[in-house]
Amino acid sequence: MRSLVNPDILRVRPYEPGKPVEEVKRELGLKRVIKLASNENPLGPSPEAVRAIKEFASKINFYPDGGGYYLKKALSKKLFIEDKNIILGNGSDEIIAMVSRIFLTRGEEAIVPTPSFLMYKIDVKISGGKIISVPLKNFRIDLKSIKEAITPRTKLIFIANPNNPTGTIVKKDEVREFLESIPESILTVFDEAYYEYVENEEYPQTLEFMKERNILVLRTFSKIYGLAGLRIGYGITKEEIVDILNRVRPPFNVNSLAQIAALASINDDYQIKRSRELVREGKKFLYSHLRKMGISFVPTEANFILIKVGENAKEVENRLLHRGIIVREMTPYNLPEYIRVSIGTMEQNEEFVRELQVSLR
Ligand SMILES: Cc1ncc(COP(=O)(O)O)c(C=O)c1O
């Protein structure tokens with residue numbers, strides 16, 4: 001059977017998502033489980049989104065609006081761009097897959113900072129492209145080394161900003177200099193899944209570069225908007241690139257409930273403010289407790305923290321799991337001494353700190 005399969009696909013190791021709460025409850029016989037493994041919003045979705053879904057539920061016999069007309073209108077108004085610069089995806093994941101498929105033919109190169117979001121490498125492999133890994137420097141994406149890694153075969157560069165799993169950012173000036181100095185023949189993907197959480201003033205507004213440079217900015221409703229289960233994200237780029245993406249986009253890739261919920265969430269400023277505050281407070285709490293415990297961590301601009309627990313991170317993950325807390329050990333990211341922990345509600349953060357203390361003993 002394997003001989004029938006495209007060899008590029010056989011090279012792919014499937015993405016391992018954070019374990020769902022129900023699975024852990026079922027398998028370990030636990031009553032209460034907290035998931036701090038996938039950087040979701042612990043406050044849940046906007047109540048406006050829930051209301052809109054309930055109202056719309058009886059209309060799901062119809063196919064969704066394949067063009068996402070109303071959502072694109074709302075996004076373009078919010079972001080001061082035009083509808084024709086937006087592509088909607090079944091999660092931003094789907095746009096990463098589309099872009100890899102479109103831009104890479106066999107042997108062409110995509111530069112992927114390492115470690116970073118695992119889907120970049122998976123999608124480059126699926127597309128038959130060649131991954132050029134560029135290590136982070138001090139846990140930050142190193143734009144200088146990325147520039148040096150460019151060859152005539154480079155087609156794509158992936159920059160998660162903030163980066164997952166480190167939570168670090170590349171800064172305004174660095175980005176400007178970088179974009180001005182790389183060839184026109186490359187598409188740079190700025191994956192801004194955690195955009196809404198960033199508080200650093202040096203964070204770039206990459207949309208400003210959209211007209212002059214070949215960039216694709218990715219955002220999502222999965223994180224601060226709390227709609228991860230519905231699968232909806234979007235890309236912002238030149239009209240020319242949107243047109244090409246539309247050639248591979250399945251006609252009804254974003255379901256109607258996702259569109260309705262995103263539309264209802266988009267102007268719920270209160271929910272965004274609450275979610276940001278929760279992360280700000282949570283960060284403060286976790287930083288101070290980790291420092292007291294003598295545990296090092298990478299200061300973050302996102303809603304998760306990379307924490308150094310020592311050589312036995314897998315074991316620590318497992319102990320926490322048995323105590324009802326799901327976190328991610330970072331072996332798949334080549335950081336075997338680290339765990340990545342999403343910032344939860346204050347109660348969850350307190351519980352995490354308590355259980356971490358026990359699990360490290
Ligand atoms: C950097 C980054 N990009 C993209 C995604 C995927 O987001 P979505 O749910 O929109 O597919 C994630 C999710 O963890 C992420 O961390």
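Three exercises with worked solutions follow, on helix packing, cavities and the largest pocket of a predicted model.

**Exercise 1. Packing of helix 4 and helix 10**

Task: Describe how helix 4 and helix 10 pack, and state which residues make the contact.

Solution:
1. Locate the two elements: helix 4 covers residues 69-79 and helix 10 covers residues 256-265.
2. Two packed helices are described by the angle between their axes and the distance between the axes. For this pair the angle is about 25 degrees, and the axes lie 9 Å apart.
3. Angles under 35 degrees count as roughly parallel, so helix 4 is roughly parallel to helix 10.
4. Give the handedness: the crossing of helix 4 past helix 10 is left-handed.
5. List the contact residues. Helix 4 supplies Tyr70, Leu71 and Ala74, while helix 10 supplies Gln259, Ala262 and Leu263.
6. Sort the contact residues by class: five are nonpolar, one is polar and none is charged.

**Exercise 2. Enclosed space**

Task: How many cavities of 30 Å³ or more does the structure hold, and which residues line the largest cavity and the second largest cavity?

Solution:
1. Rolling a probe the size of a water molecule over the atoms shows where empty space is left. Two cavities of 30 Å³ or more are found in the structure.
2. Take the largest cavity, with about 70 Å³ of space. Its lining consists of Leu179, Ile182, Pro183, Glu184, Ile186, Thr188, Arg213, Asn214 and Ile215.
3. Classify the lining of the largest cavity: five residues are nonpolar, two polar and two charged.
4. Take the second largest cavity, with about 50 Å³ of space. Among the residues that line it are Asp65, Gly66, Gly67, Gly68, Lys72, Arg249 and Gln259.
5. Classify the lining of the second largest cavity: three residues are nonpolar, six polar and three charged.
6. Link this to Exercise 1: Gln259 lines the second largest cavity and also belongs to the contact of helix 10 with helix 4.

**Exercise 3. The largest pocket**

Task: What is the volume of the largest pocket, and which element gives the most to its lining?

Solution:
1. The volume of the largest pocket is about 760 Å³.
2. Its lining has 31 residues, and those nearest the centre are Arg13, Glu16, Leu118, Pro332 and Tyr333.
3. Assign the lining to elements. Two or more residues come from each of strand 3 (109-114), helix 6 (119-126), helix 12 (313-322) and strand 12 (328-330).
4. Helix 12 gives the most, with four residues.
5. By class, the pocket lining has 15 nonpolar, six polar and 10 charged residues.

Methods:
Residues are numbered from 1 along each chain as its sequence is written. This is a predicted model: local features need pLDDT of at least 70, side-chain atom pairs count only at pLDDT 80 or more; totals for chains, interfaces and linings use all residues. Side-chain values use heavy atoms; hydrogens and water are left out. Axes are lines fitted to C-alpha atoms, for helices over the stretch in contact, and angles run from 0 to 180 degrees between N-to-C directions. Angles under 35 degrees count as roughly parallel, over 145 as roughly antiparallel, 65 to 115 as roughly perpendicular and the rest as oblique. A crossing is left-handed if the near helix is turned anticlockwise from the far one by less than a right angle, and right-handed if clockwise. Contact means heavy atoms within 4.5 Å. Ala, Val, Leu, Ile, Met, Phe, Trp, Tyr, Cys and Pro count as nonpolar, Asp, Glu, Lys and Arg as charged, and the others, Gly among them, as polar. On a 1 Å grid over the protein atoms alone, a cavity is a set of points where a 1.4 Å probe fits but cannot get out, and a pocket is an open set with protein on both sides within 12 Å along at least five of seven lines; lining residues have an atom within 4 Å of a point. Grid points are joined across faces, edges and corners, and a volume is the space filled by probe spheres set on the points.
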